[in-house]
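Colleague: Could you take me through the ligand site of this model, slowly, as you would for someone in their first year? I would also like to hear about the strands afterwards.

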Amino acid sequence: MDINVVDNYSELSEKAAAIVVNEVNCRPDTVLGLATGSTPEGMYAQLVKKYQERKVDFSDLITFNLDEYSGLSTEHPQSYHYYMHKHFFDHINIKSHNINIPHSEDRDIAHACGEYDRKIIEAGGINLQILGIGVNGHIGFNEPAEHLNTGTHLVDLSDETIAANSRFFNSRDDVPYQAITMGVGSIMHAEKILVMACGKNKARAIQLMCCGKVTTNLPASLLQLHRCVTLLLDREAASLLE
Ligand code: F6R
């Protein structure tokens with residue numbers, strides 16, 4: 001793993017955006033795997049800025065988001081559909097048919113999940129996958145468990161994740177208890193992976209991810225098996241690393 005520690009959140013966001021811009025400029029039809037949550041917000045703001053400055057063109061970009069809550073409509077302000085359009089897609093020239101986000105509203109979830117995986121394969125796989133990390137070491141919404149799924153699937157969110165994400169909702173009871181997530185197979189098949197983390201509450205997960213045993217009980221630890229992982233950490237998230 002290529003571990004990079006930066007001084008603050010704005011540097012983290014700028015560096016992450018620079019990696020994405022470089023990827024897209026080298027290969028305009030890049031397939032990008034995207035994350036939501038608070039960590040990548042600054043990166044999206046930087047990407048929009050770079051687009052407005054004409055330093056990057058997203059017209060051939062293809063994206064696949066990692067996950068979506070189950071039971072929220074795509075118009076719900078806390079849905080990841082809404083998030084992606086608000087922070088990124090509505091401000092750039094990506095073609096709408098190149099945007100892929102798991103749909104929780106499909107009646108036949110198993111079929112929709114299979115279709116999502118099929119589309120990823122059809123696109124040639126993910127070139128660069130952006131990841132955040134949960135306080136419990138989840139990636140996407142692959143929660144710590146005895147077994148993990150390789151493909152896209154419906155998952156029960158852990159109490160820790162519900163508690164952590166309740167900050168975005170009026171109350172803990174409003175947080176959906178299930179989500180659709182890309183599986184660890186699709187994530188691990190990405191050519192390159194960029195993990196972003198900031199804040200003290202991520203330090204333990206980062207330590208275990210980098211230096212702990214590879215275990216499904218800390219899904220991010222599987223990234224130790226991947227050949228091309230870049231980590232962008234602020235000082236607090238890196239504070240428990242040697
Ligand atoms: C979101 C996702 C999650 C988040 C993680 C960290 O699409 O896949 O794994 O990356 O929960 O979230 P934040 O950045 O809000 O701390």
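Modeller: Happy to! Let us begin with a word we need: a residue is near a molecule if one of its heavy atoms lies within 4 Å of it. Please keep in mind that this is a predicted model.

With that in hand, look at the ligand. There are 14 residues around the ligand, and those that come nearest are T39, D67, H138, G140 and K202. Sorted by character, this shell holds 8 polar residues, 3 nonpolar ones and 3 charged ones.

Now zoom in on some individual contacts. T39 has a polar side-chain atom 2.5 Å from an oxygen atom of the ligand. D67 also reaches out with its side chain, where a polar atom lies 2.7 Å from a ligand oxygen. S38 uses its backbone: an N or O atom there is 2.8 Å from an oxygen atom of the ligand. How much of the ligand does the protein cover? On its own the ligand has 410 Å² of accessible area, and the protein covers 95% of that. As for where the ligand is found, it sits in the largest pocket.

D67 gives us a path to the strands, since strand β4 spans residues 67-69. This strand pairs with β8 (residues 178-181) in the antiparallel sense, over 3 bridges. One bridge to look for links Y69 with A179 in β8. On β8 you will also find strand β7 (residues 153-156), again antiparallel, with 4 bridges. There, H153 has T181 of β8 as its bridge partner.

A separate arrangement to trace is an open sheet of 7 strands with parallel pairing, in the order β1-β10-β9-β6-β2-β3-β5. Its edge strands, β1 (2-6) and β5 (99-100), each pair on one side only. Starting from the β1 edge, you can follow 5 bridges to β10 (residues 229-234), with the two strands running parallel. To see one of these pairs, find V6 and then its bridge partner D234 in β10. In general, the strands of a sheet pair through backbone hydrogen bonds, either parallel or antiparallel.

Notes
Residues numbered from 1 in each chain as written. Predicted model: local features only at pLDDT ≥ 70, side-chain atom pairs only at ≥ 80, totals over all residues. Heavy atoms only, no water. Polar contact = N/O pair within 3.5 Å; in protein donor to acceptor, adjacent residues only side chain to side chain. Areas by Shrake-Rupley, 256 points an atom, 1.4 Å probe, with all protein chains shown as cover. 1 Å grid on protein atoms, 1.4 Å probe; cavity = no way out; pocket = protein on both sides within 12 Å on 5 of 7 lines; lining within 4 Å. Sits in = over half its atoms within 2 Å of the grid points. Nonpolar A, V, L, I, M, F, W, Y, C, P; charged D, E, K, R; others polar. Pairing = 2+ DSSP bridges.
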